[in-house]
Amino acid sequence: MLWIGSGLAALGGLAALCLAAAAQRTHMGLPPLNRAARLRWRALGCTCLALSLLAAWRIDGAALGSVLWIAQLGVFGTLFIAALPWAGPRVLKPLVWSAAVSAACATAAAFAFT
Amino acid sequence: VAVVMHSAAPPLRKAMDYLHTWAGVLCTSVLFLIFFMGTLAVFMHEIDRWMMPATRVATAPAFSFDRHALPQLRALAPDAVRWYASPPNDRQPYARLFVESRPDESRDVKLDTAKNRLIAEPGSEGASGFFYPFHYMLHLPWWEVGIWIVGIAAVAMLVLLVSGIVIHRKFFADFFTLRIGRNAHRATLDLHNVSSVLLLPFHFVITFSGLVIFLAIYLGPALWIAYGEKGRDAYYAEAYSDTRPARSGHAAPLVAIDALVARAEASWADGTRAADIDIALPGDARSRVSVYPSSEHGLVNTRPTFVFSGSTGALIETIVVTPTQAVQGFFDSVHRLPFVHWWLRWVYFAMGLGACVMIATGLLLWVEKRRARHQRSGQTGTRIVAAIAIAGSLGLVVATLSMLVANKLLPAPSANAWSAQVRAVAEQIVFFGTWTISLVHAAWRSRTEAPSRVPWREQAWVCAVLAVLAVMLNGALTGDHLFAAFVARQWAVAGTDGVLLFGAALAAWAAQRLRGAAVRAATEAADEPAAALGANAPR
């Protein structure tokens with residue numbers, strides 16, 4: 001369960017940071033964000049990534065957990081970016097929220113039961 | 001003068017661009033080979049199961065050295081100077097036995113512990129005997145020249161990574177950018193950047209840790225200075241307590257080895273099992289039994305190795321891991337993943353493929369950027385590099401798949417060891433032969449007047465066909481087709497089949513896309529003169 005939580009949180013974090021990136025919004029034809037909205041997306045992205053790292057540490061300890069986190073972040077990030085040209089902006093926002101919510105639930109549940 | 005000197009010096013980014021380009025062109029094919037073989041080596045024991053059907057055995061509930069290994073070792077070499085046994089583990093269902101009859105004569109066999117009998121020689125080196133050594137020594141063992149070439153390539157990789165970061169102008173702005181569209185050059189550049197930037201920690205760590213593993217070889221001259229003529233042997237003896245006892249000349253029976261293993265496992269006290277049992281001078285009064293701990297529980301293995309007297313069972317020495325060894329062990333674990341962590345193993349496999357994509361797209365960018373210019377001036381440099389690029393990337397995949405197909409088609413070896421060796425060599429001849437054919441094909445089809453994507457497309461189709469053929473042959477000839485392997489929980493076989501089928505689909509998709517791109521390029525090329533004619537036509 002923590003693996004799912006860690007993976008989904010990493011994916012959601014990347015998607016949120018992607019939505020906050022001005023260049024990427026231009027590529028996807030999305031309107032530019034104001035400063036406050038951009039900061040909100042960035043805060044959400046960073047929170048998800050931090051949550052993902054915490055879950056990875058919880059699974060495998062600080063040493064192996066860090067290796068696992070960096071590795072899965074790289075792979076999920078690459079797969080996410082490779083899928084983006086086909087998926088488009090329509091799925092981006094739902095992906096962020098579903099990933100963030102399920103990651104938070106999974107991680108919280110895992111912390112509670114392990 | 002200072003102003004003139006400042007303006008004459010190339011800007012850092014330009015200098016790094018030059019370094020990145022030429023270091024890349026010179027080392028890319030070797031780097032692709034190292035990374036591709038390393039990616040296969042992540043699952044080498046599983047590929048071994050696929051390539052050696054005789055090793056798809058059940059494991060005995062508990063391994064006993066005295067009951068399983070000792071009778072076989074005595075039968076193989078009763079007067080050996082060394083016996084060595086590795087019990088079965090989560091990735092290897094059989095025990096490995098090693099006997100050293102004399103210092104220069106050794107034999108390695110596999111033991112089916114469930115049936116307590118030796119497994120017949122499979123007639124194949126498998127992934128652990130062929131792909132893995134290819135990864136770190138390029139099958140060039142003489143004077144360790146292969147390890148040195150790999151080391152130089154690793155340093156070049158670090159240079160490429162640093163220079164790549166410097167020349168990447170919009171490192172963060174383009175972080176999520178992948179523009180797949182009509183412009184193939186831009187898509188290739190974006191793919192190169194994405195696979196480089198997102199997997200940058202992996203590229204750095206895997207390259208650096210690879211250098212750390214062979215530190216004793218790369219620092220050979222320093223060891224020679226520090227330890228004199230004895231050099232590396234003296235270093236190993238001091239660093240790892242790797243000393244060999246001298247024979248006493250008095251025979252003495254071995255004590256029960258299982259009891260010594262149990263004592264060592266009890267001392268580790270955290271459920272760690274013995275990974276290797278090494279008996280020096282068995283049957284001699286000075287025999288020594290070393291029990292090594294398994295590394296399957298984490299990145300850093302600081303558990304000690306216990307050395308017992310083989311004749312009395314007394315504890316002679318406890319070899320403690322020093323902090324320096326622990327640091328090297330950490331990098332070794334990060335690189336080789338000796339522990340059981342399937343999710344991380346799959347992630348490493350994916351990252352290895354990502355590194356291959358990064359290297360191949362880098363070379364492709366170089367070739368495509370210069371192709372038109374060289375075509376106009378009649379130069380052949382691009383053609384040579386293009387042929388090497390194709391053979392060094394897709395050609396290597398074709399050669400690997402053809403080896404897997406040959407592994408199924410070559411007749412099974414007879415009972416004698418010579419027949420098994422001939423079969424294993426035949427597999428390797430198929431590998432290198434196919435690789436050579438791939439190079440010839442790439443050179444022939446990369447002629448400047450032909451569309452640049454033709455050889456890539458054709459070899460991608462060959463990859464798809466060979467991968468499907470390998471899966472079909474495995475199913476037909478061993479009976480363990482994908483569904484049967486899945487039901488029988490033969491995960492190694494099912495996983496290899498699954499990856500091969502996924503790879504076949506990916507190769508077919510890439511070939512289709514390359515065909516579409518080639519058709520578009522041809523149409524645009526045909527339209528260009530007509531458009532130019534239209535623009536210049538008198539009104």
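Setting aside neighbours within four places in sequence, A:Arg25 is in contact with A:Leu19, A:Leu30, A:Pro31, A:Pro32 and A:Leu33. That's a good way into this predicted model. A:Arg25 belongs to helix α2 of chain A, which runs over residues 22-28. Despite its charge-bearing name tag, let's check the accessibility: A:Arg25 has a relative accessible area of 9%. A value under 20% counts as buried, so A:Arg25 is a buried residue. Its side chain also has a polar partner, with one of its polar atoms 2.8 Å from the backbone oxygen of A:Leu19. A:Leu19 therefore turns up twice for this arginine, once in the contact list and once through its backbone oxygen.

**The two chains**

Now zoom out. Chain A has four helices and zero strands, and its pattern along the sequence is simply α-α-α-α. Chain B mixes things up, with 20 helices and eight strands. The C-alpha trace of chain B spans about 110 × 70 × 40 Å along its principal axes. Here are the overall figures for both chains.

| Chain | Residues | Buried residues | Exposed area | Share of that area from carbon and sulfur |
|---|---|---|---|---|
| Chain A | 114 residues | 47% | about 5500 Å² | 73% |
| Chain B | 539 residues | 47% | about 26900 Å² | 64% |

What about contacts that reach along the sequence? Taking contacts with a separation of 6 or more in chain A, 77% are between residues 24 or more positions apart. For chain B, counting contacts between residues at least 6 apart, 67% join residues at least 24 apart. Chain B also carries 47 positive and 38 negative charges, and the mean positions of the two sets are 10 Å apart.

**The nonpolar cores**

In soluble globular proteins, nonpolar side chains tend to be buried together. Here the largest nonpolar core has 85 residues, and those with the most contacts inside it are B:Phe35, B:Met37, B:Phe131, B:Leu344 and B:Tyr348. Helix α14 of chain B, residues 342-377, gives the most to this core, with twelve residues. B:Leu344 is worth a click: apart from neighbours within four places in sequence, it is in contact with A:Leu64, A:Val67, A:Leu68 and A:Ala71 from chain A, plus B:Leu337 and B:Phe339 from chain B. There is also a second, separate core of 27 residues, and among its members are A:Cys18, A:Leu44, A:Trp69 and B:Leu178.

**Two spots in chain B helices**

Which residues does B:Ala467 touch, once those up to four places away in sequence are left out? They are B:Leu401, B:Leu500 and B:Ala504. B:Ala467 sits in helix α18, residues 454-478 of chain B, and its relative accessible area is 2%, so it is buried. One of those partners is a good example of a link across the sequence: B:Leu500 is 33 residues along the chain from B:Ala467, yet their C-alpha atoms are separated by 5.4 Å.

The other spot is B:Thr496, in helix α20 of chain B, residues 491-536. Buried or exposed, this B:Thr496? Its relative accessibility is 13%, so it counts as buried. A polar atom of the B:Thr496 side chain lies 2.7 Å from the backbone oxygen of B:Ala492. Leaving out residues up to four places away in sequence, B:Thr496 touches B:Glu46, B:Ile47 and B:Trp50.

Note on methods: Residues numbered from 1 in each chain as written. Chains lettered and ligands numbered in written order. Predicted model: local features only at pLDDT ≥ 70, side-chain atom pairs only at ≥ 80, totals over all residues. Heavy atoms only, no water. Helix = DSSP H or I, 4+ residues; strand = E, 2+ residues; numbered from the N terminus. Buried < 20%, exposed > 50% of the residue type's maximum accessible area, 1.4 Å probe, protein only. Contact = heavy atoms within 4.5 Å. Polar contact = N/O pair within 3.5 Å; in protein donor to acceptor, adjacent residues only side chain to side chain. Areas by Shrake-Rupley, 256 points an atom, 1.4 Å probe, with all protein chains shown as cover. Lys, Arg positive; Asp, Glu negative; His and termini not counted. Charge placed at Lys NZ, Arg CZ, Asp CG, Glu CD. Core = buried A, V, L, I, M, F, W, Y, C linked by side-chain atoms within 4.5 Å.
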